[in-house]
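User: I've never looked at this one before. Could you walk me through it, one question at a time?

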Amino acid sequence: MAAKKRKRKARKGLIVFLVVILLICAGGAGAVFWYQSALTPVGQAEEAETITIAEGESRDVLFKDLAEKKLIKSELAASVYSKLNPTTYYPGNYRLNKGMSVPEIMTYLSDEKNQDKGYAVITIPEGYWAKQIAAVLAHNFPQYTEKEFLDLWNDPNYIQTLSQTYDFIDPAKLDDERFFVKLEGYLFPDTYFMEYDMTPDQITRMFLDQFGQVYNSLKPQIEASGMSLEEILTFASIVQFECGNPAEMANIAGVFANRMEKGMKLQSSVTVCYALYDDFKSAADCETNPEIDSPYNTYMHEGLPIGPILNPGKEAIEAVLNPAKHDYLYFISDIHGDGTIHYAKTYEEHEQNVEKYNLKIE
């Protein structure tokens with residue numbers, strides 16, 4: 001009888017022990033889950049805050065500031081993470097967004113190059129579409145959306161207002177509902193220093209101010225060209241898209257000028273790229289959709305497209321104003337080699353270049 005009581009007591013003790021172990025494990029798992037969750041982003045990248053780290057500032061003060069600005073979920077979790085993953089951080093101002101996790105924040109603060117100088121340094125490369133520029137701006141100015149910029153650049157009333165300041169803006173010539181973006185071609189590619197509190201209007205005017213400088217420097221040539229500014233920008237956008245090498249742009253412009261003079265269609269595949277617009281995924285799409293019904297498609301329509309297909313740089317504009325004088329009507333790029341462009345005067349010669357360099361016909 002006593003032996004049975006001892007067995008029952010031992011069994012109860014084992015059960016209690018196992019329950020305690022399970023509770024500890026459960027608590028540990030819960031703690032791990034809490035810790036991992038506390039390191040995740042607080043919100044979306046569109047929400048941003050600027051923090052200031054003072055010289056010699058402790059981590060406790062840093063994490064308190066981050067928590068007060070709702071950039072992290074837990075000071076404790078951030079402190080534990082920093083002890084497990086020691087990093088150096090530097091004094092200064094930093095622009096952080098709520099889509100950053102604690103590890104991302106600490107990595108960001110460990111690079112002095114990320115110090116916020118009070119303005120964004122934004123580089124717009126030659127050849128960017130307006131919607132690409134809008135995406136860059138929305139990333140750097142999370143208080144605005146990509147759509148807000150595009151809507152502004154398509155607003156007839158806004159364009160009318162701009163025309164009162166910029167003599168190169170002609171609302172009548174930009175009043176075409178077929179345009180994807182009415183200010184496409186005028187958003188001049190360059191490096192800009194933009195303050196974070198700038199409005200979309202101020203940002204747009206910064207692009208147009210820079211475009212105006214280029215326009216004024218080339219105005220005598222533009223007026224003597226026999227083309228409208230819109231035609232020049234459209235032509236330059238094709239040249240820019242076809243060739244990023246300034247040394248070849250005049251030759252490319254010469255090819256298209258020769259085609260237009262002979263009444264040939266331009267048949268530029270890059271115009272198909274833009275015609276696809278939202279459906280554009282890769283350069284291969286441009287080669288396989290020459291029959292897309294679009295006023296931008298130069299396989300379907302003679303002459304230039306209805307408007308620019310990107311925002312060209314100064315070199316491309318100059319190339320259109322001063323196209324090379326030659327008899328070439330075709331060209332291909334040796335994309336499998338050194339990128340050399342090969343020109344041809346006849347279609348037969350062009351076909352030989354195509355066969356030799358194993359490329360699709362332009």
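Analyst: Happy to. Keep in mind that this is a predicted model. Let's begin with a charged pair: Arg205 forms a salt bridge with Asp201, and the closest N and O atoms are 2.9 Å apart.

User: How far apart along helix H9 are Arg205 and Asp201, in helical turns?

Analyst: Helix H9 covers residues 200-224, and both partners sit in it. An α-helix has 3.6 residues a turn, so residues three or four places apart point the same way. Arg205 and Asp201 are four residues apart, so their separation is about one helical turn.

User: And is Asp201 buried, partly exposed or exposed?

Analyst: Buried would need under 20% relative accessible area, and exposed over 50%. Asp201 has 26%, so the label is partly exposed.

User: How many salt bridges does a search of the whole structure find?

Analyst: The pair in H9 is one of them: Arg205 with Asp201. Another is where the side chains of Glu177 and Lys182 meet, at 3.8 Å from N to O. Searching the whole structure gives a total of seven.

User: In that Glu177 and Lys182 pair, is Lys182 buried or exposed?

Analyst: The two ends of this bridge don't get the same label. Glu177 has 65% relative accessibility and counts as exposed. Lys182 is at 5%, and the cut-off is under 20%, so Lys182 counts as buried.

User: Which residue forms a salt bridge with Glu230?

Analyst: Glu230 belongs to helix H10 (residues 229-242), and the partner sits in helix H8 (residues 171-174), 57 residues apart, so this pair links distant parts of the chain. Glu230 counts as buried at 15% relative accessibility, while the partner is partly exposed at 44%. With 3.6 Å between the closest N and O atoms, the partner is Lys173.

User: Let's switch to cysteines. Which two are joined by a disulfide?

Analyst: A search of the whole structure finds one disulfide. The S to S distance is 1.9 Å, and the link is right-handed, with 115 degrees about the S-S bond. The pair connects helix H12 (residues 269-276) with helix H13 (residues 283-288), 13 residues apart. The two are Cys273 and Cys286.

User: Are those two buried or exposed?

Analyst: Take them one by one. Cys273 has a relative accessible area of 5%. Cys286 is at 2%. Each value is under the 20% cut-off, so the label for Cys273 and for Cys286 is buried.

User: What about the greasy inside: which helix gives the most to the largest nonpolar core?

Analyst: That core has 68 residues, and those with the most contacts inside it include Leu137, Trp153, Phe168 and Ile169. Eight of its residues come from a single helix, the top contributor: H9.

User: Zoom in on Ile169. Which residues is it in contact with, leaving aside neighbours within four places in sequence?

Analyst: Ile169 is among the residues with the most contacts inside the largest core, and so is Tyr186. Tyr186 also turns up on the contact list of Ile169. The full list is Ile159, Ser163, Leu174, Leu183, Tyr186 and Leu208.

User: How many residues are in the other core, the one lying apart?

Analyst: Its members include Tyr35, Ile51, Tyr94 and Leu96. This core lies apart from the largest one, and its count is 21 residues.

User: Now helix H15. Which strands do its buried residues pack against?

Analyst: In H15 (residues 347-357), His350, Asn353, Val354 and Tyr357 are buried. They cover an arc of only 100 degrees around the axis, which puts them on the same side of H15. The face turned away from that side carries the exposed Glu348, Gln352, Glu355 and Lys356. The strands that the buried residues pack against are S5 and S6.

User: Last one: which residues does Asn322 touch beyond its neighbours within four places in sequence?

Analyst: Asn322 lies in the loop between helix H14 (314-321) and strand S5 (330-333). Its relative accessible area is 44%, so Asn322 is partly exposed. Ala253 is 69 residues away in sequence but 8.2 Å away in space, C-alpha to C-alpha. The residues in contact with Asn322 are Gln221 and Ala250.

Definitions and conventions: Residues are numbered from 1 along each chain as its sequence is written. This is a predicted model: local features need pLDDT of at least 70, side-chain atom pairs count only at pLDDT 80 or more; totals for chains, interfaces and linings use all residues. Side-chain values use heavy atoms; hydrogens and water are left out. Helices (H or I, at least four residues) and strands (E, at least two) are DSSP runs, numbered from the N terminus. Buried means under 20% relative accessible area, exposed over 50%, partly exposed in between (1.4 Å probe, protein chains only). Contact means heavy atoms within 4.5 Å. The arc is that of the directions from the helix axis to the C-beta atoms. A salt bridge is a side-chain nitrogen of Lys or Arg within 4 Å of a carboxyl oxygen of Asp or Glu. A disulfide is a pair of cysteine sulfur atoms within 2.5 Å. A nonpolar core is a set of buried Ala, Val, Leu, Ile, Met, Phe, Trp, Tyr and Cys residues joined through side-chain atoms within 4.5 Å.
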